[in-house]
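Subject: Structure handover

Hi there,

Here is the structure I promised to pass on. Have a look at it first, and my notes follow underneath.

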Amino acid sequence: MTIERVFSGIQPTGNLHLGNYLGAIVNFVKMQETHNCLYCVVDLHAITVPPAVWGGPDELRRNIREVTAAFIASGIDPKKQIIFNQSQVAEHAELAWVLNCIARLGWLNRMTQFKEKAGKDRENVSVGLYDYPVLMASDILVYRATHVPVGEDQKQHVELTRDIAQKFNNDFSASIAAQGFGEAYFPLPEPVITGPATRVMSLRDGTKKMSKSDPSDYSRINLTDDADAIAQKIRKAKTDPEPLPSEEKGLEPRPEADNLVGIYAALAGKPKSEVLAEFGGAQFSGFKSNLVDLAVSKLAPLAAEMKRLSGDTAYVDSVLADGADRARVIAAETMTAVKDIMGM
Ligand code: ADP
Ligand code: NA
């Protein structure tokens with residue numbers, strides 16, 4: 001019997017935004033009702049880009065606390081679930097090495113996120129950036145997690161994790177059985193990609209995803225934005241001159257319109273079809289006013305709570321320390337089993 005266990009992570013790279021919230025965190029909060037969950041601040045992933053990009057030691061410390069605060073402020077209960085920081089549990093890096101020896105070079109060569117992030121200057125990116133998906137596989141498998149709530153951009157990485165898990169199970173099947181683990185040691189984790197906002201786009205350009213690294217502050221709503229900033233960004237968001245369609249089909253050739261409707265739907269907790277049934281035929285100026293009210297009502301209290309928590313670093317650090325202690329127990333058990341299975 002496998003217990004259903006959820007793992008997911010967010011990088012402490014600053015500028016937490018609405019895409020992270022609607023694509024990932026909202027589902028983290030939901031899944032805690034039905035699953036045992038581990039939510040991780042993945043600092044080992046953040047350092048795969050140059051220090052000038054992740055900001056250096058002081059900023060990293062601040063960003064680790066900010067993501068932790070976002071988890072807590074969103075409603076994840078740190079007593080019932082495990083909120084922790086990746087680098088405090090050494091087994092993530094340890095299992096990653098083992099999985100490096102399982103994963104094939106050809107599999108990593110197919111990862112589209114690496115191609116996007118590396119750009120043209122491939123010879124000059126860190127080896128860690130290339131190996132990022134194997135570390136992510138380790139994050140998931142070290143807890144033998146069964147479900148991974150993520151945005152659409154992470155789907156390929158979860159699929160790679162399944163391939164790595166499967167190859168480990170196959171390569172060591174006899175030993176896995178001999179050690180009493182039955183037919184397979186690692187469960188094959190499933191990506192959980194649900195809701196109307198699995199890929200939130202930039203507010204300035206409907207063809208680019210909303211991202212922490214976009215130089216335009218108007219491209220994204222940050223989770224720390226106050227009501228005025230949220231209102232300004234939504235009012236300035238790019239749209240086309242047509243009114244809202246009354247059916248989803250009418251959104252297909254209109255990425256900016258589709259994005260705003262998706263954001264509204266996700267914030268309201270409704271499908272897009274219901275939003276269009278209500279607003280079909282309306283002009284975007286009017287719809288945006290409604291979106292501003294909804295976004296402010298959902299996000300301003302979150303920002304206020306994050307701000308309050310940013311003043312209580314002792315509490316935030318205690319959540320991380322307690323979470324790491326609990327995570328380490330599970331991770332250490334996996335590492336022991338993996339070594340037993342492999343003869344180490
Ligand atoms: P980013 O992609 O902003 O650097 P992370 O890599 O830390 O952030 O991703 C954290 C989570 O947020 C992942 O599950 C990712 O899929 C999700 N996510 C990131 N950007 C978006 C977006 N624009 N729309 C939906 N989900 C997103
Ligand atoms: Na991402």
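Let me start with Arg 122, which is exposed because 11 other C-beta atoms lie within 10 Å. In these notes, a residue is buried if 20 or more other C-beta atoms lie within 10 Å of its own, exposed if 12 or fewer, and partly exposed in between, with C-beta atoms placed from the backbone. Arg 122 sits in the loop between helix H7 (112–118) and H8; helices (H or I, at least four residues) and strands (E, at least two) are DSSP runs numbered from the N terminus. From Arg 122 to Gly 311 it is 189 residues in sequence and 40 Å in space, C-alpha to C-alpha.

Please keep in mind that this is a predicted model: local features need pLDDT of at least 70, side-chain atom pairs count only at pLDDT 80 or more, and totals for chains, interfaces and linings use all residues. Residues are numbered from 1 along each chain as its sequence is written, while chains are lettered from A and ligands numbered from 1 in the order in which they are written.

Now the overall picture. The protein has 15 helices and five strands, and 42% of its 344 residues count as buried. Its radius of gyration (over C-alpha atoms) is 21 Å, which agrees with the value near 20 Å for a compact globule of 344 residues; that rule is 2.2 Å times the number of residues to the power 0.38. Along the principal axes, the C-alpha atoms fill a box of roughly 65 × 45 × 45 Å.

An automatic or database assignment sets the domain bounds: domain 1 is 5–198 + 313–342 and domain 2 is 217–308. Their centres, taken over C-alpha atoms, are 30 Å apart. Between them, 14 residues of domain 1 are in contact (C-beta atoms, placed from the backbone, within 7 Å) with 13 residues of domain 2. On the domain 1 side, H1 and helix H4 (57–74) each supply at least two residues. That side has ten nonpolar, four polar and no charged residues; Ala, Val, Leu, Ile, Met, Phe, Trp, Tyr, Cys and Pro count as nonpolar, Asp, Glu, Lys and Arg as charged, and the others, Gly among them, as polar.

Next, the ligand. Ligand 1 is surrounded by 18 residues (C-beta atom, placed from the backbone, within 6 Å), and the closest are Gln 11, Gly 19, Gly 23, Val 150 and Gly 151. Helix H1 (residues 18–31) contributes the most to this shell, with four residues. By class, the shell has five nonpolar, nine polar and four charged residues.

Two UniProt annotations come from an unreviewed entry, and such annotations may be inferred rather than shown by experiment; positions use the numbering here and feature names are shortened. "Binding site" covers Asp 139, a residue of helix H8 (residues 127–141) that counts as buried because it has 27 C-beta neighbours inside 10 Å. "Short sequence motif: 'HIGH' region" covers residues 12–20, where the chain is 33% helix and 0% strand.

Finally, two backbone angles to check. Most residues other than glycine have a negative phi. Asn 15, in the loop between strand E1 (5–10) and H1, has a positive phi of about 55°. Arg 144, in the loop between H8 and strand E4 (147–149), has a positive phi near 45°.

Best wishes

Definitions and conventions. Contact = placed C-beta atoms within 7 Å.
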